[in-house]
Amino acid sequence: MDHIMVLARLVFITQVRQSYYFDGLGSMSLTLLSRILVALTVLIGSFQVVMFHSYLSATETAERKLQEQFITTDVRRSTRDVIVYLAQFGDHSTYGTQYDGNHTAITGLSKLDKSLDLLYGNYIQHFPTCDVIIFHDPIDVPSAEAVVLLQKNRPQLQFRQLDGQWWQLPHGLTIQNSKRWKRPTFSVGYRHMIRWFAVLIWPYLAQEGYTHVMRMDDDSYLHSAIRYNLFDYMRSHNKRYGFRMPVVEDSNVGYDLVNSFLKDHSDHMNQTLIRLYNQNREIAFYNNWFIADISFFLNPPASLLLDFIDKSNTIYINRTGDLAIHSTIVRLFLRPDEIEWFRDFTYEHMTLCTNANCNGCPQNGGVARGIGAHSDEEWFEKVGRQIEDRFRKNPKCQVSLDEEYIGANDVRICSHLDSQCGYFLKMLLGAGPSISRKSKVY
């Protein structure tokens with residue numbers, strides 16, 4: 001097209017120049033030819049303009065599609081999922097050096113390495129779409145060797161230090177105050193940990209663009225494969241919070257605060273959920289493993305109660321735990337159909353006793369058998385025997401094994417459908433009365 005335009009323009013110029021020297025018929029013919037060439041030039045030029053506009057339109061369409069692609073990517077990034085640990089690489093800040101039932105020392109690094117092995121082997125290798133963040137405090141920092149060890153063959157694994165606003169005493173509290181706090185065996189660092197998982201983790205992760213989080217402890221172990229994406233399951237089934245082990249929490253910590261909040265806000269809440277909560281406040285979720293929609297905790301009414309609890313400083317003064325805080329907020333503000341009791345994978349979390357009377361024996365938690373994860377023979381002869389062997393040499397340890405669980409009694413007495421927690425667990429499984437979706441909302 002460019003060649004035709006150049007040729008036409010050259011002919012036009014030549015003929016115009018010739019028409020300047022000739023007159024009569026020849027001059028008229030040349031003039032006519034010149035006019036034809038002018039028209040041809042205009043026509044070709046118009047065609048070029050049309051083609052140019054078509055090119056611009058195609059380019060704009062391509063750019064728009066590219067922008068839409070990036071917008072889609074950004075949306076996907078805004079729904080990112082993350083698995084989090086808060087690790088201690090040396091001795092525990094509260095429990096000190098821990099020993100198993102055979103009096104063998106257990107380090108934070110060895111526990112974490114085992115937990116990551118099982119997490120990657122039984123879940124992440126099947127669904128490698130989430131990040132894994134190991135948080136730590138400013139004092140217990142992993143060595144370079146530990147970082148290399150833990151990151152080897154583990155994509156997505158990163159380390160983050162918590163400091164500043166994420167790991168400090170709230171306004172009005174000082175280290176000197178801690179001498180008067182209840183349950184003084186629990187360190188200030190332990191109380192920072194409670195505040196992190198109960199209050200601060202939600203805005204931190206939201207700022208990072210995450211929408212769903214799964215918590216693991218350095219001694220949380222997945223003992224069977226998970227064959228579906230847990231985060232996608234939560235989204236597709238409209239679940240806001242999920243747990244693995246139900247537990248009886250009988251510490252009666254923080255109930256006065258909850259009563260005060262309910263007195264001031266009950267008119268805006270689902271009265272049926274309040275009655276269910278008051279029927280048995282001890283039913284709780286063992287939140288060393290949980291999965292949650294972050295937005296639930298960032299919006300009223302959950303955020304109002306969280307803020308109320310945080311400003312009371314009960315986490316530090318009374319050692320009100322994140323287990324009790326999670327369980328209270330979830331039970332008060334989520335219907336049973338929004339809560340998921342995961343039962344199809346075998347999970348272990350076991351806190352060992354550290355005092356002289358029961359040193360190294362299970363104090364809290366244990367191993368919950370996943371439905372369909374093991375045959376009876378494998379459960380009793382392999383899994384159960386391995387757990388029992390850990391404590392066989394310690395005569396102080398009494399570990400009982402049944403068809404669904406092995407470990408301490410706090411989970412055992414709540415994990416069966418015929419237990420004191422059974423009426424609530426049945427509702428989570430859809431076997432109890434449904435709760436109306438209609439409720440007053442802030």
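**Notebook: sheet, helices and salt bridges**

I began with one residue pair: V84 sits opposite I133 of β4. The model I am working from is predicted.

Next I looked up the strands around that pair. β1 covers residues 80-86 and β4 covers residues 131-136. The two run parallel and share five bridges.

I then traced the whole sheet. How many strands does the open sheet have, and in what order? I found seven, in the order β5-β4-β1-β6-β11-β8-β12. The pairing is mixed. At the edges I noted β5 (157-161) and β12 (339-341), each with pairing on one side only. From one strand to the next, the twist averages 20°.

**Helices on the sheet**

I checked what lies across these strands. Helix α3, residues 108-124, lies across β1, β4, β5 and β6 (210-215). I noted an angle of about 155° between α3 and β1. Helix α4, residues 144-151, also packs on the sheet. α4 touches β4 and β5. Its direction is at about 145° to that of β5.

**Strand β11**

I moved along the sheet to β11, residues 290-293. Which way do the residues of β11 point? F290 and A292 point one way, I291 and D293 the other. Are they buried or exposed? I logged all of them as buried.

I then took the neighbours of β11 in turn. β6 pairs with β11 in the antiparallel sense, over four bridges. There, R215 has F290 as its bridge partner. β8, residues 241-243, is also antiparallel to β11, over three bridges. In that pairing G242 is matched with I291.

**Salt bridges**

I turned to charged pairs. In general, side chains of opposite charge can pair when their charged atoms come close. I counted 20 salt bridges in the model.

R215 came up again here. Its salt-bridge partner is D217, with the closest N and O atoms 2.9 Å apart. R215 has a relative accessible area of 4%, so I list R215 as buried. D217 is at 13%, so D217 is buried as well.

I went back to β1 for D81. D81 forms a salt bridge with R235, and the closest N and O atoms are 2.9 Å apart. Where in the chain do D81 and R235 sit? D81 is in strand β1 and R235 is in helix α6 (residues 230-236). They are 154 residues apart, so this pair links distant parts of the chain.

I compared the cover of each partner. D81 has 6% relative accessibility and therefore counts as buried. R235 has 29% and therefore counts as partly exposed. The cut-off I applied for buried is under 20%. I also found a salt-bridge network that links D81, D232 and R235.

R412 and D402 were my next stop. They form a salt bridge, the closest N and O atoms being 2.9 Å apart. R412 lies in helix α14 (residues 409-412), while D402 is in the loop between β15 (400-401) and β16, so the pair ties together parts 10 residues apart in sequence. Both R412 and D402 are buried.

**Strand β14 and its partners**

From that loop I followed the chain to β16, residues 405-407. β16 pairs with β14 in the antiparallel sense over three bridges. G366 stands opposite G407 of β16.

I looked at the other pairing that I had noted for β14. Strand β13, residues 347-352, pairs with β14, again antiparallel, over six bridges. T351 stands opposite N364 of β14.

How many residues of β14 are buried? I got five of the seven, so that strand, residues 362-368, is mostly covered.

**The whole chain**

I closed with totals. The protein has 15 helices and 16 strands. Of its 442 residues, 48% are buried. The accessible surface comes to about 22,700 Å². Carbon and sulfur atoms hold 54% of that surface.

Last, I looked at contacts with a separation of 6 or more. Residues 24 or more positions apart make up 77% of them.

Technical notes
Residues are numbered from 1 along each chain as its sequence is written. This is a predicted model: local features need pLDDT of at least 70, side-chain atom pairs count only at pLDDT 80 or more; totals for chains, interfaces and linings use all residues. Side-chain values use heavy atoms; hydrogens and water are left out. Two strands pair if DSSP finds at least two bridges between them. Axes are lines fitted to C-alpha atoms, for helices over the stretch in contact, and angles run from 0 to 180 degrees between N-to-C directions. Contact means heavy atoms within 4.5 Å. Buried means under 20% relative accessible area, exposed over 50%, partly exposed in between (1.4 Å probe, protein chains only). Accessible areas come from the Shrake-Rupley method with a 1.4 Å probe; for residues, only the protein chains shown count as cover. A salt bridge is a side-chain nitrogen of Lys or Arg within 4 Å of a carboxyl oxygen of Asp or Glu.
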